[in-house]
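Got your viewer ready? Load the model and follow along, one selection at a time.

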Amino acid sequence: MNALWRVWDHFEEGFIAFLLAAMTLVTFVYVVLNNLYTVFYSLGDTFPAAEDFFFALGDFIIGLAQSMTWSSALTRALFAWLIFSGLAYGVRTAGHIGVDALVKLAPRNIQRYIGVIACLFCLGYAGLLTVASFEWIQTLFTAGIGAEDLGHIGVKQWQIGMIVPIGFAMVFIRFAEILVRILRNEQTGLGLADEAAEAARLGEEEPK
């Protein structure tokens with residue numbers, strides 16, 4: 001089981017890295033194409049003997065740029081997948097900021113009880129949104145509506161939106177892991193990031 005969780009953890013990290021790389025690549029190509037054709041037009045004006053060649057290249061590149069109307073929609077879809085994939089990753093890596101200054105003033109056993117209650121609330125929230133978003137995806141699947149600017153290549157709205165129930169289901173699983181660790185007395189709270197402590201630590205590390 002531990003080996004399976006390690007595989008999933010690595011897949012989660014690799015998937016997030018892939019989404020970031022894909023977003024960057026699509027945006028980079030689109031920006032380059034939208035600025036590169038002017039270079040060839042300028043070369044055509046500079047070298048009249050080869051202007052037909054340079055103008056043809058410029059026309060070809062501007063045609064590619066105009067055909068990439070889908071790039072903005074794809075980038076938004078990838079960003080949505082990144083957000084909902086990152087929710088569970090943030091829970092696992094303590095990336096979400098914790099507002100628990102008063103909780104930390106309580107005795108350790110009280111902190112543990114508060115952690116259990118908070119975890120149950122988080123599980124209820126994640127479970128509710130998982131079910132609700134799954135019903136939403138079922139509606140989109142039945143409707144079969146194409147995604148904006150991506151429908152012409154066969155991408156449907158439900159295919160983009162399916163990350164919402166998947167993401168919240170993974171959040172539910174991650175909080176269930178935390179609840180088990182709290183009940184086993186392996187940790188007291190949700191294990192969220194302490195922004196104040198991090199800022200203080202960075203301040204101490206700054207060179208004088």
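Here is a short tour in three stops.

Before you click: this is a predicted model, so local features need pLDDT of at least 70 and side-chain atom pairs count only at pLDDT 80 or more, while totals for chains, interfaces and linings use all residues. Numbering starts from 1 along each chain as its sequence is written, and side-chain values use heavy atoms, with hydrogens and water left out.

**Stop one: the helix H1 side.** Select Val32, in helix H1 (residues 2-46); helices are DSSP runs of H or I, at least four residues, numbered from the N terminus. Val32 is partly exposed at 32% relative accessibility (buried is under 20%, exposed over 50%, partly exposed in between, with a 1.4 Å probe and protein chains only). Now add Leu25, Phe28, Val29, Leu36 and Val39: together with Val32 they make a nonpolar surface patch of about 480 Å². Patch members have over 30% relative accessible area and no salt bridge (a Lys or Arg side-chain nitrogen within 4 Å of an Asp or Glu carboxyl oxygen), and nonpolar side chains are joined within 5 Å, like charges within 9 Å. Areas are Shrake-Rupley values.

**Stop two: Thr75.** Jump to helix H3 (residues 70-92), where Thr75 lies. Thr75 is buried, at 18% relative accessibility. Show its contacts (heavy atoms within 4.5 Å): leaving out residues up to four places away in sequence, Thr75 touches Met23, Val26 and Thr27.

**Stop three: the cysteines.** Select Cys119, buried at 0% relative accessibility. Why is its sulfur not bonded to that of Cys122? The two sulfurs are 6.3 Å apart, too far for a bond; a disulfide needs them within 2.5 Å. A search of the whole structure turns up zero disulfides.

Technical notes: Helices (H or I, at least four residues) and strands (E, at least two) are DSSP runs, numbered from the N terminus. Accessible areas come from the Shrake-Rupley method with a 1.4 Å probe; for residues, only the protein chains shown count as cover.
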